[in-house]
Amino acid sequence: KYKEQVLKEYSNNPFIEALPDIFSDEDIIDRFDNVPQFEKESKYQDKKYRYHILKNIKSYTQILPIHLSIEVKLSTMIRRGYLARNPNDPKYFKRLEILNDLKENKKVTYQDIDFNMKYMTSTAESMTIIGISGMGKTTAIERLLFMYPQVIKHSNYKKDHFTRTQIVWLKIDCPYDGSLATLCKSFFKAIDEILNTNYLEKYGYSNRISSTMMLYMTYLASLYGIGVLVIDEIQQLINAKNSMDDMLNFFVTLSNTVGIPTVLIGTPKAQGLFNGNFR
C-alpha cells in the first residue's frame, strides 16, 4: 500500500511510499515497551514452577530517550538512503548495470566498485552504536527494526506494472574471525532465509575469493533495495589477520558509493577500529 508523503522529496518513490508512516514518539513507545503478563495464580504455584515463571522478566523492555533518538536516526537513514535509489529513476538500473558488468571481473575489489560508480550519487548515511556488553544494544535495535516490515513485495505502482522485492532491513553478525568472506556468506544466508533463495550455495561456496563474494553481496544489496544493513558484533574485526582494513573500506564503499545505509554495533573494543582513520 503506497502512502501519500508529507515531505515532497519522499514522493513518487515506491520504496519510500510503501513504508509505514513516520512514527511519532507515542507510536515508538507503544511498539517498543514490553511488560510481561503474570497470572494471579502464578504466585501460588509450587516453588519449582515459580522460578520458571519469573524468567519471563527477561522479556521486559522499557523505552529510554536514547531509543527515541535511535529510531529517528533509523527512520531518516532508511528514507534518505532511498532518495538516490528510486526504482523509478533510470539511474537505479544504471547502478545495477554497472555492478552486473563488474561481475565478469574475477578479481574485482572495492576500489573497482568505487571507480566505476564514482559518478553515481549516494544519499546514504551511517551510524555506529558502541556500548558495554549486555546493556541492550542488540535488543533495542531489533525492537526498532521490527517496527518495519522486513520484506515488501511490489507488483503495481500507480497503475503501472512494477515487480520488485524490497528488503527494508537486514541484520547480520560480524564473523568471529573478522573475515570478509565469512561476512559475505552470512549475508547470503540471511537473504536465503527471508526470501527462500539459494545465494549461499550459488555465490558462497569455498573456491570463491572474498572479492568476488563482496561484489555479489553489493549487487544483491542494490537489487533488493536494502533500506539499512545492520552489522552487529563489529569488535570481532579485531580478530582479523589481514582483512580488517578491507572490511572497513568495504563498509565505506557500501554507504558512500553503492548507497546502502549501514549501522555498526559493537562493544567499547570496537572504538579502537575507528581511531586510525577519521571517516
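1. **Nonpolar core.** The largest nonpolar core of this predicted model holds 81 residues. Phe187 and Phe188 have the most contacts inside it. In soluble globular proteins, nonpolar side chains tend to be buried together.

2. **What Phe187 touches.** Phenylalanine 187 contacts Leu170 and Ile172. It also reaches Met217, Leu220, Ala221, Ile226 and Leu229. Residues up to four places away in sequence are left out of that list. Leu170 and Ile172 fall within strand E4, which runs over residues 169-173. Leu229 falls within strand E5, residues 228-232.

3. **Helix H8.** Which residues of H8 are buried? Phe187 and Phe188 are among them. So are Leu180, Ala181, Leu183, Cys184, Ala190, Ile191 and Leu195. Asp192 is on the buried list too, a charged residue among the others. The helix covers residues 180-195, 16 residues in all. From its first C-alpha to its last it spans 23 Å, close to the 22 Å expected at 1.5 Å a residue. Just after H8, asparagine 196 has a positive phi of about 60 degrees.

4. **Salt bridges around Lys171.** The whole structure contains four salt bridges. Glu142, Lys171, Asp173 and Asp232 are linked in a network of them. Lysine 171 pairs with glutamate 142, with the closest N and O atoms 3.5 Å apart. Lysine 171 sits in strand E4 and glutamate 142 in helix H7, so this pair ties together parts 29 residues apart in sequence. Lysine 171 also meets aspartate 173, at 3.5 Å from N to O. Its bridge to aspartate 232 is listed at 3.7 Å, N to O. Aspartate 232 belongs to strand E5 and lysine 171 to strand E4, so that pair joins parts 61 residues apart in sequence.

5. **Exposure of the acidic partners.** Are the acids that pair with Lys171 buried or partly exposed? Glutamate 142 has a relative accessible area of 29%, so it counts as partly exposed. Aspartate 173 is at 40% and is also partly exposed. Aspartate 232 is at 3% relative accessibility, so it counts as buried. The cut-off for buried is under 20%.

6. **Glycine 136.** Where does glycine 136 lie? It is in the loop between strand E1 (126-130) and helix H7 (137-145). At 29% relative accessibility, glycine 136 counts as partly exposed. Its C-alpha is 9.2 Å from that of threonine 61, although the two residues are 75 apart along the chain.

7. **The chain as a whole.** The chain has 12 helices and six strands. Its radius of gyration is 21 Å, close to the 19 Å that the globule rule gives for 279 residues, so the chain is as compact as a globular protein of that length. Its C-alpha atoms fill a box of roughly 70 × 50 × 35 Å along the principal axes.

8. **Burial, contacts and surface.** Of the 279 residues, 48% count as buried. Take the contacts between residues at least 6 apart in sequence: 75% of them join residues at least 24 apart. The accessible surface comes to about 15,400 Å². Carbon and sulfur atoms account for 51% of that surface.

Notes. Residues are numbered from 1 along each chain as its sequence is written. This is a predicted model: local features need pLDDT of at least 70, side-chain atom pairs count only at pLDDT 80 or more; totals for chains, interfaces and linings use all residues. Side-chain values use heavy atoms; hydrogens and water are left out. Helices (H or I, at least four residues) and strands (E, at least two) are DSSP runs, numbered from the N terminus. The expected span of a helix is 1.5 Å times one less than its number of residues. Buried means under 20% relative accessible area, exposed over 50%, partly exposed in between (1.4 Å probe, protein chains only). A nonpolar core is a set of buried Ala, Val, Leu, Ile, Met, Phe, Trp, Tyr and Cys residues joined through side-chain atoms within 4.5 Å. Contact means heavy atoms within 4.5 Å. The radius of gyration is taken over C-alpha atoms; the globule rule is 2.2 Å times the number of residues to the power 0.38. Accessible areas come from the Shrake-Rupley method with a 1.4 Å probe; for residues, only the protein chains shown count as cover. A salt bridge is a side-chain nitrogen of Lys or Arg within 4 Å of a carboxyl oxygen of Asp or Glu.
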